[in-house]
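Hi everyone, thanks for making time for this. Could you bring up the structure on your screens so that we can walk through one small part of it together?

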Amino acid sequence: MSSDKKSSRNRAPATKAVHSGRAPHDNFGFVNPPVYRGSTVLFPTVEKLWKRDQAYTYGRSGTPTITALEEALAEIEGGAATALTGSGYQAVSTAIVAFVKAGDHILMLDSVYQPTRKFCDHMLARLGVETTYYDPLIGAGIAELVRPNTRLIFTESPGSQTFEVQDIPAIARVAAERDLWLLMDNTWATPLYFRPFDHGVDVSIHAATKYPAGHSDVLLGTVSANAACWERLHEGFLTLGACAAPDDVYQVLRGLRTMGVRLERHEQSTLEIARWLEQQPGVACVLHPGLESHPGHALWKRDFTGSSGIFSVVLDGGGQKQAHAFLDALEIFGLGYSWGGYESLAVHVYLGDRTIAKGPYEGPLIRLQIGLEDVADIKADITRGLKAASAVQVTA
Ligand SMILES: Cc1ncc(COP(=O)(O)O)c(C=O)c1O
């Protein structure tokens, strides 16, 4: 069911996002595949039951709806195959656990999504796996951190709070030379704007909760691997019992069809707002890789084909009081975690657990997810926030 047309391999990712993972003429011509809900799958004979001799054997290990999204994502991103998990976080933990054993060591970027850090510091440590945090800007220098028991390097580019762009090809060369698995959380760029397998990544992880779902109503994770890693990843995935709910899978399949056009709007609005913010009073700098002023801009331009809708703004001085005044003054932006949905969101960035990628920054960091609202309205809302923050500075 990989696509509705045979010549699909050379198509652009945005076209694949519309057409992959569906076969209307296998479904009476209906444009979208049906939702198969189920645990039990019946076998026609005891011989087939005993040998598990049919395409689907039990709901947890796959359904045609799950296959549709798995195949679509593998095709868009260019992996050998994809597995779906109940959340993006579960995709991260499943992928790591699939590749490590007690006594191993892993290299983890310091700017990683915070729950991933927690997973390493608590669960992995308890299982006897040691984590070393590295500077996300380390590039080829990561070779110096590799130990005889190092098994994998985990990357996330750009980091989803401070937006450091990693030199993935340079890290991939080290991983290949030292026989390490290279994992990447590719959620920010989506499969449309960064193609990890073309840059030497072995395992690509997404919180499909974000742009693929697009409406803040679903949690879902995806893990794709190249041919060399797929068997091991899939074995870990099945052994851990990770799986995704059919209706959530369908929602993401639906979201995927419009992800290209939504992303274009997120990208355009976000870049316009980020550039405008650089000129606003009360702003020290804007952390968005698409801006010429960003230290990772050249790498981003070299490796990525677009940018999505989150970035951070650094206020010009102050601390928590100023950040909270900014956030409390917002009327359009929701105050809440996550991103990738249709509405604008804002949070105060916490860097307290970082050991390397922690600044210094001139003031507090606010992360903005720019939604699909009118840009002038969003700017007016941010202006309210900046005024409120600077009013605290005057009276403090
Ligand atoms: C970069 C990144 N990776 C993974 C996740 C986890 O995804 P989920 O919320 O679906 O568990 C998030 C969620 O915010 C994220 O920002």
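Let's begin with the neighbours of Val 100. Leaving aside residues up to four places away in sequence, Val 100 touches Ile 106, Leu 124, Val 129, Arg 151, Leu 152 and Arg 232. Please keep in mind that this is a predicted model. Where does Val 100 lie? You'll find Val 100 in the loop between α4 and β2, the strand at 105-109. Is Val 100 buried or exposed? Its relative accessible area is 15%, and because buried means under 20%, Val 100 counts as buried. For a sense of distance, try Pro 289: Val 100 and Pro 289 are 189 residues apart in sequence, and their C-alpha atoms are 32 Å apart in space.

Now step back into helix α4 itself, residues 88-99. Its 12 residues reach 17 Å from first C-alpha to last, close to the 16 Å expected at 1.5 Å a residue. How many of the residues of α4 are buried? The count is 9 of 12, so the helix is mostly covered. Among the buried ones are Gly 88, Ala 91, Ser 93 and Ile 96.

Next, the helices that α4 meets. Take α8, residues 227-240. The axes of α4 and α8 come within 8 Å and cross at roughly 115 degrees, which means that α4 is roughly perpendicular to α8. The crossing is right-handed. On the α4 side, the contact is made by Thr 94, Ala 95, Val 97, Ala 98 and Phe 99. On the α8 side, look for Cys 229, Arg 232, Leu 233, Gly 236, Phe 237 and Leu 240. Sorted by type, the residues of this contact are 8 nonpolar, 2 polar and 1 charged. And you've met Arg 232 already: Val 100 touches it.

Then there's α5, residues 114-126. Here the axes come within 10 Å and cross at roughly 45 degrees, so α4 is oblique to α5. This crossing, too, is right-handed. From α4, the contact uses Tyr 89, Val 92, Ser 93, Ile 96 and Val 97, while α5 brings Pro 115, Thr 116, Phe 119 and Leu 124. How do those residues divide? There are 7 nonpolar, 2 polar and no charged. Leu 124 should also sound familiar, as it is one of the residues that Val 100 touches.

That's my tour, so thanks for listening!

Notes:
Residues are numbered from 1 along each chain as its sequence is written. This is a predicted model: local features need pLDDT of at least 70, side-chain atom pairs count only at pLDDT 80 or more; totals for chains, interfaces and linings use all residues. Side-chain values use heavy atoms; hydrogens and water are left out. Axes are lines fitted to C-alpha atoms, for helices over the stretch in contact, and angles run from 0 to 180 degrees between N-to-C directions. Helices (H or I, at least four residues) and strands (E, at least two) are DSSP runs, numbered from the N terminus. Angles under 35 degrees count as roughly parallel, over 145 as roughly antiparallel, 65 to 115 as roughly perpendicular and the rest as oblique. A crossing is left-handed if the near helix is turned anticlockwise from the far one by less than a right angle, and right-handed if clockwise. Contact means heavy atoms within 4.5 Å. Ala, Val, Leu, Ile, Met, Phe, Trp, Tyr, Cys and Pro count as nonpolar, Asp, Glu, Lys and Arg as charged, and the others, Gly among them, as polar. The expected span of a helix is 1.5 Å times one less than its number of residues. Buried means under 20% relative accessible area, exposed over 50%, partly exposed in between (1.4 Å probe, protein chains only).
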